[in-house]
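Subject: Structure handover

Hello,

Please find the structure below, with the sequence alongside. My notes on what was found in it follow.

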Amino acid sequence: MTEASARGGQPQEFEKALAGGDASVAQFESHDRTMVERLQHFLHSSPAAVPLIVLIASLAIFAMLIGGRFFSAFSLTLILQQVAIVGIVGAAQTLVILTAGIDLSVGAIMVLTSVVMGQFTFRYGLPAPVAILCGFGVGAACGFLNGWLVSRVKLPPFIVTLGTWQVILAANFLYSANETIRAQDIEANAPLLQWFGNSVRLGSAVFTYGVIALVVLVLVLWYVLNHTAWGRHVYAVGDDPEAAELSGVNVNRMLLSVYVLAGLICALAGWALIGRLGSVSPTSGQFANIESITAVVIGGISLFGGRGSILGMLFGALIVGVFSLALRLIGTDPQWTYLLIGVLIIAAVAVDQWIRKVAG
Amino acid sequence: MTEASARGGQPQEFEKALAGGDASVAQFESHDRTMVERLQHFLHSSPAAVPLIVLIASLAIFAMLIGGRFFSAFSLTLILQQVAIVGIVGAAQTLVILTAGIDLSVGAIMVLTSVVMGQFTFRYGLPAPVAILCGFGVGAACGFLNGWLVSRVKLPPFIVTLGTWQVILAANFLYSANETIRAQDIEANAPLLQWFGNSVRLGSAVFTYGVIALVVLVLVLWYVLNHTAWGRHVYAVGDDPEAAELSGVNVNRMLLSVYVLAGLICALAGWALIGRLGSVSPTSGQFANIESITAVVIGGISLFGGRGSILGMLFGALIVGVFSLALRLIGTDPQWTYLLIGVLIIAAVAVDQWIRKVAG
Amino acid sequence: MMQREPVLTARGLVKRYGRVTALDAADFDLYPGEILAVIGDNGAGKSSLIKAISGAITPDEGEIRLDGEPVAFRSPMEARDAGIETVYQNLALSPALSIADNMFLGREIRRAGPLGKWLRMLDRSAMEKRARAMLSELGLMTIQNIGQAVETLSGGQRQGVAVARAAAFGSRVVIMDEPTAALGVKESRRVLELILDVKKRGLPIVLISHNMPHVFEVADRIHIHRLGRRLTVIDPKEYTMSDAVAFMTGAKAPPAVAAVA
Amino acid sequence: MMQREPVLTARGLVKRYGRVTALDAADFDLYPGEILAVIGDNGAGKSSLIKAISGAITPDEGEIRLDGEPVAFRSPMEARDAGIETVYQNLALSPALSIADNMFLGREIRRAGPLGKWLRMLDRSAMEKRARAMLSELGLMTIQNIGQAVETLSGGQRQGVAVARAAAFGSRVVIMDEPTAALGVKESRRVLELILDVKKRGLPIVLISHNMPHVFEVADRIHIHRLGRRLTVIDPKEYTMSDAVAFMTGAKAPPAVAAVA
Amino acid sequence: QEVGACLITKTDTNPFFVKMKEGATAKAQELGVNLKSYAGKIDGDSESQVAAIESCIADGAKGILITASDTAGIVPLIKKARDAGILVIALDTPLDPAEAADATFATDNLLAGELIGKWAAATLGDGAADAKIAFLNLTPSQPTVDVLRNQGFMKGFGIDTKDINRIGDEDDPRIVGHDITNGNEEGGRKAMENLLQKDPSINVVHTINEPAAAGAYEALKAVGMEKNVLIVSVDGGCPGVKNVEAGVIGATSQQYPLLMASLGIEAIKKFAETGEKPQASEGKNFVDTGVALVTANPVDGVESIDVQKGLDLCWG
Ligand SMILES: Nc1ncnc2c1ncn2[C@@H]1O[C@H](COP(=O)(O)OP(=O)(O)OP(=O)(O)O)[C@@H](O)[C@H]1O
Ligand SMILES: Nc1ncnc2c1ncn2[C@@H]1O[C@H](COP(=O)(O)OP(=O)(O)OP(=O)(O)O)[C@@H](O)[C@H]1O
Ligand SMILES: OC[C@H]1O[C@](O)(CO)[C@@H](O)[C@@H]1O
Ligand SMILES: [Mg+2]
Ligand SMILES: [Mg+2]
């Protein structure tokens with residue numbers, strides 16, 4: 001018998017010394033946590049907390065500075081109305097960004113679907129519900145195109161949606177012939193298109209159906225992302241797609257479903273947009289992509305995917321809304337608003353980084 | 001003596017069997033290369049080849065379709081004039097993207113510097129050369145801000161420049177008080193500001209100094225990126241910053257220098273912009289960020305950093321210019337141009353992906 | 001000596017990456033209840049072989065059979081559904097997800113009743129309870145909080161989670177690609193014990209490793225891979241480590257495969 | 001027995017990552033011409049120790065001396081300039097750059113004359129020539145094209161490039177963090193020979209490894225790291241592998257450090 | 001109680017709007033009106049204008065002065081403001097339909113276009129029959145100002161406009177093409193270059209406003225054609241009139257933004273005090289703030305003022 005087979009089935013000699021050893025995997029005594037560290041830990045484990053705190057603080061400060069004109073049920077619900085569209089689009093953007101993607105085409109999809117809903121009703125005389133369904137169909141198709149290019153052709157999402165953004169926007173202008181459908185016509189012939197413009201009033205608070213849709217949408221997605229397998233898979237794919245694939249997530253199907261869902265949500269935004277503007281205007285929504293990314297970023301969601309909460313996006317959108325309205329009411333040059341939002345974006349991420357670094 | 005020390009200084013028994021073995025690291029016979037594979041290999045190793053081929057092909061096709069109106073020295077040099085600004089900004093964008101960053105603020109820096117050059121001359125009565133120097137100073141400062149946030153505060157470039165974009169643009173509007181400086185006034189009092197608008201004529205070909213600046217800039221950067229240590233470090237940082245750091249590149253300083261240089265190039269673009277518009281207008285350049293990214297992407301430079309050639313960016317910008325002009329000449333709705341450019345973006349990257357995959 | 005039918009067989013697997021041929025008509029056989037070690041030089045194609053078997057890559061040619069039935073997995077999930085669990089060389093855990101989330105990724109437990117049925121709600125507490133049970137059953141439970149993110153674990157702990165997941169869910173085959181490569185002496189030993197544990201439960205195991213003493217300690221048979229092919233299969237009781245190394249590197253000609261199978 | 005002054009010493013190094021203390025008042029000594037192995041459990045802080053020494057991280061506390069002079073490297077480049085070359089656990093090569101570019105990264109050779117002086121032009125052919133010479137000198141030259149990208153190399157070949165780079169440029173100390181972890185038997189052996197080669201040239205080497213037989217084969221002294229600290233230093237001729245493992249895991253109390261240094 | 005008012009312009013970069021804001025601010029100060037000003041990011045940015053109107057409602061403003069970017073799209077929001085009891089006055093650019101506002105204080109844009117069209121035709125004389133005309137328009141959504149000036153020019157020049165509410169449905173061979181400028185220099189230059197490529201024999205250029213005209217001029221100058229082409233425009237800002245003097249622009253229809261602004265503020269003040277709304281000019285559905293053709297080369301049959309007069313009246 002040879003050396004090796006003599007030892008077959010036996011650990012090497014030196015490994016026997018392990019018997020008396022410490023069996024646990026090396027752990028270090030962590031020094032006692034200070035208050036600051038505890039705070040950091042809390043903030044680290046609740047990704048929507050920072051934007052929520054900023055939101056509340058800015059509400060408080062502006063309420064003091066401006067008073068009742070700002071801190072009234074009417075104004076506060078107005079902010080909600082003003083962020084409803086960006087918030088809905090932001091929900092779509094959140095899904096995509098959680099998978100470590102980015103969607104520059106959200107605004108274009110939104111406008112195109114609103115144009116489709118309008119033109120199918122007015123140009124082809126389809127009943128409004130059918131036209132709306134067609135709008136959702138177009139939204140899903142656009143999302144499918146993005147998702148297919150990202151998941152099957154394996155192109156980077158930034159580039160895919162940079163391309164489809166231009167394609168979809170151009171298609172929108174070509175198809176609509178730049179024609180605005182007037183509010184009066186819609187009101188008279190297809191009021192369903194404006195449905196999201198209806199509102200519930202509680203005292204002087206005005207909640208449009210668009211606002212309600214935003215809140216419901218965010219809550220539903222929050223549930224789905226945190227309490228269903230699909231949602232966990234979104235996070236897993238964004239975190240490390242290869243790991244997700246190898247541990248049993250069908251990454252391609254996942255990505256495809258995320259982009260299609262994002263397209264559908266953009267169609268919802270398109271419908272809500274008609275409600276907000278009253279009319280169907282092919283030139284609207286030009287900045288929806290940047291604005292939705294801004295909401296996501298201020299909301300503490302990582303552009304690298306896999307981290308953050310959709311609630312954060314909602315708070316992020318509201319923060320921008322609060323600043324915009326408040327500064328307008330104060331009467332500063334609107335450019336100061338943009339400047340401040342720019343600073344806010346950087347500050348939000350710097351704080352986030354700091355928390356992560358120190359909380360370890 | 002114990003078992004272990006008895007063997008001290010000796011390989012384990014079984015390792016001695018290596019003596020007779022094949023000493024090379026496992027290599028597989030690679031099957032003979034077909035023509036297609038050789039082509040792929042060539043394209044893979046020359047990152048600017050694909051955009052160059054596309055450029056030549058589109059020139060040829062449009063020359064056939066449109067004829068002399070398009071394929072004339074005059075028209076072709078006009079394309080150069082139309083892409084000069086985007087090309088110069090694209091050079092800055094290329095540097096940043098090669099480090100795996102992205103710069104959304106390039107357009108804003110460009111406009112701000114052109115406004116500074118103009119206003120310092122006209123508002124404060126500084127001599128034009130001094131005002132121009134101040135413009136470059138402002139460009140460098142903006143770049144420094146970006147670079148500092150990226151390299152020291154360690155924030156993602158997308159977010160940093162999303163923020164500084166808004167901040168710089170707002171600063172531009174606030175500072176300029178939205179005032180346009182007339183071309184005629186500049187011509188009369190500070191013609192140096194319009195210097196890049198001068199041109200050299202060769203027959204019917206018109207080369208503005210702006211165009212010449214673009215070509216020279218790209219060639220110089222090509223040299224620097226490929227034949228100096230600094231240039232190789234740009235690639236190394238974009239490829240894998242941690243590896244670059246550990247193997248002796250000062251990544252922070254590198255990133256800072258790239259963003260500052262990008263800011264300086266944007267200032268050059270700002271100066272050239274005055275030459276192109278004649279006047280100083282604070283509203284121009286709004287889409288320079290997207291357009292420069294488009295040129296970079298069509299030029300085959302990877303958004304993940306570390307791969308691609310700045311020559312590709314130049315070809316990418318020219319491709320966009322050729323399509324825009326040619327489609328106008330054919331008389332299609334300008335939206336078709338955007339649509340086609342969108343398709344081009346996606347196609348360019350898909351081809352690139354395919355080459356990489358198959359060339360292995 | 002082994003007259004039983006193999007659990008898993010592969011014949012003539014080919015996989016090309018551009019100009020590299022990672023698998024070049026490779027064969028493979030795994031018998032019930034055995035530990036089969038796969039050894040070979042770096043780049044010999046070991047990982048490619050087990051990726052093909054576990055659905056992580058699709059071979060260009062060749063046939064795979066599970067219990068005699070031809071199978072063609074198009075994803076790791078399909079292989080898992082068929083009872084083949086794999087611990088990949090790069091672990092395949094999602095850093096930001098919790099230990100429990102990772103263990104149940106792709107096979108989450110839903111709540112009973114309408115919440116689960118209609119709202120597809122996950123049963124977090126059930127998953128955490130089972131995950132904790134799985135880890136302690138395997139003696140790996142020094143982790144306090146099963147809800148903590150995997151990225152906060154040490155390399156050894158992560159390996160433990162990956163192995164525990166495979167051991168717990170594998171119903172027909174467990175495959176491990178270099179599970180001890182980055183591990184210390186103590187941690188490696190733990191993993192080897194785990195492998196023997198799994199074997200005791202009657203599951204066949206494929207173990208890829210560069211560590212000869214480990215291989216010869218636990219393997220029932222050793223598949224030697226060379227230049228993208230199965231060169232031979234040896235019985236560790238009949239050959240020495242020196243022999244194995246000599247075959248692996250081409251220093252000696254191997255015995256025919258049939259000798260062992 | 002070693003009366004010479006140490007080349008490199010560290011005293012009381014501390015490094016904290018958030019709530020984890022990776023180095024907890026760690027000491028370290030390296031003597032001229034020796035191979036010092038560093039062993040310890042996963043997460044014991046070995047990599048953190050050598051990162052602190054090589055400038056890749058800045059320790060929160062503690063002092064490092066090179067040839068008796070206090071040093072405080074703020075980057076790996078500074079350590080390299082002082083003659084300390086390191087092969088990191090994750091290799092630290094840039095995948096898209098060529099082998100030659102990688103070997104000369106951060107210390108490129110410029111052309112002679114005005115081209116180099118004014119235009120700072122690199123001397124590509126000189127670098128490729130020297131790179132080829134370095135690789136073949138170390139017996140690692142099976143690579144055909146020195147201009148090929150590192151990403152096209154196998155794991156073993158990459159390791160070879162990294163080790164060759166360190167061996168060629170290290171003038172005072174060469175540090176290697178688990179250089180054989182992912183390597184096969186043959187490739188590991190090659191790296192060990194390389195280490196002995198470097199030693200022959202008179203350079204001291206720090207070798208981190210989990211492979212006890214390798215450690216006991218090549219090391220002159222063994223630094224045992226435990227819970228972020230140096231537990232002890234032993235002479236492999238006086239202790240067995242079993243002893244080392246017992247110290248490392250806390251099964252046995254170690255001898256005092258002074259006994260060996 | 002203080003009267004609050006809002007001024008919402010298309011951009012805050014076009015000198016025209018800068019002046020309008022200055023005028024409104026001065027008047028507001030004089031009358032003790034508390035004025036807040038808003039603007040879109042670019043010409044065509046309707047969303048910012050929507051948000052601005054909402055802010056004004058929340059702010060309890062008594063009146064809104066707006067130059068709408070999307071003249072049809074903004075109408076529902078205008079209705080909301082009016083429903084909230086706010087007086088809404090369209091400045092410069094009529095809404096679509098014009099009645100959507102309580103009043104419109106604007107140049108007669110159709111007439112402005114007609115004047116420069118007539119002038120161009122008369123200046124060319126017989127050449128008008130085979131002129132080559134480029135149209136540099138505003139934005140894709142064809143806002144009212146854009147349509148009125150463009151179609152007005154055609155009317156004045158003697159081109160069949162077909163549907164007078166739509167740009168681009170004409171088939172006159174003298175039209176080389178239409179392109180959009182976003183009403184600024186950069187857009188003007190690009191659009192001019194594009195149309196020049198389409199037909200380098202262009203000899204008449206209609207521009208939506210003077211910034212666009214300045215850009216077009218640079219494009220022509222770059223190819224040495226600035227002397228052979230007639231550029232006509234609308235605005236009459238001081239830089240524009242100087243350009244007329246310098247021969248850059250052949251003729252421009254001068255508008256009076258300061259008047260629009262001050263009339264607007266006065267109307268709001270009056271409305272706040274008495275509830276009275278302004279009346280439209282005789283025979284028009286808006287309050288005409290006047291227009292005058294400024295040119296150094298007057299032609300028969302088209303009334304015009306000279307450069308000196310233009311400079312006396314100019315703004316900005
Ligand atoms: N995704 C891929 N793309 C290109 N080449 C690949 C890919 N995966 C593997 N290869 C190549 O295929 C060959 C076999 O690789 P494989 O990983 O199967 O080897 P291995 O035996 O597992 O090596 P090791 O012991 O180093 O893990 C190698 O030459 C490798 O470079
Ligand atoms: N960048 C980092 N951020 C946070 N924690 C870290 C970081 N680097 C190391 N650590 C932690 O510090 C401790 C020591 O890590 P280190 O890598 O030095 O151990 P090691 O002895 O090299 O382990 P191994 O043998 O597994 O390589 C571990 O708990 C590790 O998780
Ligand atoms: O951008 C179009 C706008 O430009 C002006 O002509 C001023 O320059 C306005 O009258 C018009 O509304
Ligand atoms: Mg492998
Ligand atoms: Mg380590």
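A polar side-chain atom of Ser48(C) lies 2.6 Å from an oxygen atom of ligand 1. Before going further, please keep in mind that this is a predicted model.

**Ligand 1**

Two other side chains of chain C can be listed beside Ser48(C). In Lys46(C), an N or O atom of the side chain is 2.7 Å from an oxygen atom of ligand 1. For Asn42(C), the distance from a polar side-chain atom to an oxygen atom of the ligand is 2.8 Å. On its own, ligand 1 has 630 Å² of accessible area, and the protein covers 66% of it.

Which elements give two or more residues to the shell around ligand 1? They are β2 (20-30) and α1 (46-53) of chain C. Of the elements, α1(C) gives the most, with 3 residues. The ligand is surrounded by 14 residues, and the closest are Asn42(C), Gly43(C), Lys46(C), Ser47(C) and Ser48(C). Sorted by class, the shell has 7 polar, 4 nonpolar and 3 charged residues.

**Ligand 2**

The second ligand has its surroundings in chain D, where the closest residues are Asn42(D), Gly43(D), Lys46(D), Ser47(D) and Ser48(D). In total, 14 residues surround ligand 2. How do these divide by class, that is, how many are nonpolar, polar and charged? The shell around ligand 2 has 4 nonpolar, 7 polar and 3 charged residues.

Three atom pairs can be given here. An N or O atom in the side chain of Ser48(D) is 2.6 Å from an oxygen atom of ligand 2. With Gly43(D) the backbone takes part: one of its polar atoms is 2.8 Å from an oxygen atom of the ligand. The side chain of Glu178(D) has an N or O atom 3.4 Å from an oxygen atom of ligand 2. Taken alone, this ligand exposes 630 Å², of which the protein buries 66%.

The elements with two or more residues in the shell around ligand 2 are β2 (20-30) and α1 (46-53) of chain D. The largest share, 3 residues, comes from α1(D).

**Chains E and A**

The remaining notes concern the interface of chain E and chain A. Here 31 residues of chain E are in contact with 32 residues of chain A. Between them the two chains bury about 2,500 Å², and 52% of this is on carbon and sulfur atoms.

How many salt bridges cross this interface? The rule finds 2 between chain E and chain A. In a salt bridge between these chains, the side chain of Glu54(E) meets that of Arg276(A), with 2.6 Å from N to O. Polar contact across the interface is found for 11 residue pairs, both residues being at pLDDT 80 or more.

On the side of chain E that touches chain A, the elements giving two or more residues are β2 (33-39), α2 (46-59) and α3 (75-83) of chain E. The largest share there, 10 residues, comes from α2(E). By class, this side of chain E has 14 nonpolar, 12 charged and 5 polar residues.

Regards

Conventions: Residues are numbered from 1 along each chain as its sequence is written. Chains are lettered from A and ligands numbered from 1 in the order in which they are written. This is a predicted model: local features need pLDDT of at least 70, side-chain atom pairs count only at pLDDT 80 or more; totals for chains, interfaces and linings use all residues. Side-chain values use heavy atoms; hydrogens and water are left out. Contact means heavy atoms within 4.5 Å. Buried area is the accessible area (1.4 Å probe) that two parts lose on being put together, summed over both. A salt bridge is a side-chain nitrogen of Lys or Arg within 4 Å of a carboxyl oxygen of Asp or Glu. A polar contact is a pair of N or O atoms within 3.5 Å; within protein, one must be able to donate a hydrogen and the other to accept it, and residues adjacent in sequence count only if both atoms are side-chain atoms. Helices (H or I, at least four residues) and strands (E, at least two) are DSSP runs, numbered from the N terminus. Ala, Val, Leu, Ile, Met, Phe, Trp, Tyr, Cys and Pro count as nonpolar, Asp, Glu, Lys and Arg as charged, and the others, Gly among them, as polar. A residue is near a molecule or strand if one of its heavy atoms lies within 4 Å of it. Accessible areas come from the Shrake-Rupley method with a 1.4 Å probe; for residues, only the protein chains shown count as cover.
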